[in-house]
Amino acid sequence: MQGSAGAVGWPLAARAQQGDRVRRIGVLMTLDENDPEPKARLSAFTQALADLGWNDGRNVRMDPRWAGSDTNRMQALAQELVRLRPDIIVATSTPATVAVQRETRTIPIVFGNVSDPVVMGIVAALNQPGGNITGFAFLEASLGGKWLELLSEIAPWLKRAAIMLNPETTPSTSVYMPSFEMAARSLKVVPSTAPVHDDVEIETAIIDFGREPRGGLVVVPDVFTLAHRATIISAAARNNVPAVYWQSNFAREGGLLSYGNDLTDTFRRAASYVDRILRGTKPAELPVQLPTKFEMVVNLKTAKALGLDVPPSILLNADEVIDE
């Protein structure tokens, strides 16, 4: 696939004429192009590809599309990417993956950060995905209980806890419920859910929940909660509701505590599957991978504002402590 050394500086068209075909990679990004977090992940993916010999503008062409968490736009962009006839499409969340899969059963697809690809009908099985799709799951069912345990550790007076989600964008949240409810029974905490669809519903849900004392919030993996994190963080602070989040940037942007898999690491790992598929491996031959790297971030400034003392156990285990 590599061209001759003398062709290194040639334009794309000239190299293509020499038989060095430029591969096309479509990428459906779930969030907004101006959001620094997904931009950093795309950059990590591009760098990992370059480390494997695939350089944007040399032997691959990247076609990223940004949906801004709008599911209707996501579907339209999936159609647009399929019309480009890329060699492979990378989808970066559950709704993005579902959108792309609706449009093609032939173009190879590599997904990242899908909560439960089996329950969602994206793959037949984790070890044998089948069809034209494979990737990297967010799935770790025990996280539901882990989030509640951490919340109870930092707020030991906790008596009520609600899971916040948008049921339209995270229908597979049920994967976290068994461990969440088991932990609730053990901790003698009353569990509930707080379904939300927009900023107004987020505000209303947190205001209502904050009216009674000893309540806490668990914000689960959901492209909606990620896109609306500023509203969630602000409402939780104003209503004195301690919350634990699934991704580190929540805590870095003012949330109390976050614990979850490292999404940037997932993007780096996804490059290895793209590399193998571009070199001839079928997606059906590549098992779905589970998360391997987790991180915890605690915001001491937020804890102080909520009147909470962060226990040494959390401070010792945190990957990052924010104190300013």
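Q: I'm looking at this predicted model. How many bridges join strand β8 to strand β9, and which way do the two run?
A: Strands in a sheet pair through backbone hydrogen bonds, and they can be parallel or antiparallel. Here β8 (residues 215–219) and β9 (residues 243–245) run parallel, joined by three bridges. Pick out valine 219: its bridge partner in β9 is tyrosine 245.

Q: What is the order of the strands in the open sheet?
A: Read across it and you get β7-β6-β8-β9-β10-β11-β12, seven strands with mixed pairing. At the edges are β7 (190–195) and β12 (320–322); each has a single partner strand, so one side of each has no neighbour in the sheet. On average, neighbouring strands are turned by 20° against each other, ignoring direction.

Q: Which strands does helix α5 lie across?
A: Look for β6 (160–165), β8, β9, β10 (257–261) and β11 (294–299); against β10, α5 runs at about 160°.

Q: Now the inside. Which residues touch the most other members of the largest nonpolar core?
A: The general idea is that nonpolar side chains tend to be buried together in soluble globular proteins. In this model the largest such core has 78 residues, and Trp147, Met164 and Leu217 touch the most other members. Helix α5 (residues 143–154) gives the most to this core, six residues. Another core, of 23 residues, lies apart from it and includes Ile25, Leu42, Trp54 and Ile277.

Q: What does tryptophan 147 touch, leaving out residues up to four places away in sequence?
A: Its contacts are Tyr176, Val218, Val220, Pro221, Val244, Tyr245, Trp246 and Tyr259.

Q: How far apart are the end C-alpha atoms of helix α11?
A: They are 23 Å apart, which agrees with the 22 Å you should get for 16 residues (263–278) at 1.5 Å a residue. Of those 16 residues, 13 are buried, so the helix is mostly covered. At its start, a side-chain oxygen of aspartate 262 comes to within 3.1 Å of the backbone nitrogen of threonine 264. Glycine 280 follows α11, with a positive phi near 120°.

Q: What is the phi of lysine 188, and where is that residue found?
A: Most residues other than glycine have a negative phi. Lysine 188 has a positive one, near 60°, and is found in the loop between α6 (177–187) and β7. With 66% relative accessibility, lysine 188 counts as exposed, because the cut-off is over 50%.

Q: And what about arginine 214?
A: Arginine 214 also has a positive phi, about 65°, without being a glycine. You'll find it in the loop between α7 (199–210) and β8. At 46% relative accessibility, arginine 214 counts as partly exposed.

Key. Residues are numbered from 1 along each chain as its sequence is written. This is a predicted model: local features need pLDDT of at least 70, side-chain atom pairs count only at pLDDT 80 or more; totals for chains, interfaces and linings use all residues. Side-chain values use heavy atoms; hydrogens and water are left out. A nonpolar core is a set of buried Ala, Val, Leu, Ile, Met, Phe, Trp, Tyr and Cys residues joined through side-chain atoms within 4.5 Å. Buried means under 20% relative accessible area, exposed over 50%, partly exposed in between (1.4 Å probe, protein chains only). Helices (H or I, at least four residues) and strands (E, at least two) are DSSP runs, numbered from the N terminus. Contact means heavy atoms within 4.5 Å. Two strands pair if DSSP finds at least two bridges between them. Axes are lines fitted to C-alpha atoms, for helices over the stretch in contact, and angles run from 0 to 180 degrees between N-to-C directions. The expected span of a helix is 1.5 Å times one less than its number of residues. A polar contact is a pair of N or O atoms within 3.5 Å; within protein, one must be able to donate a hydrogen and the other to accept it, and residues adjacent in sequence count only if both atoms are side-chain atoms.
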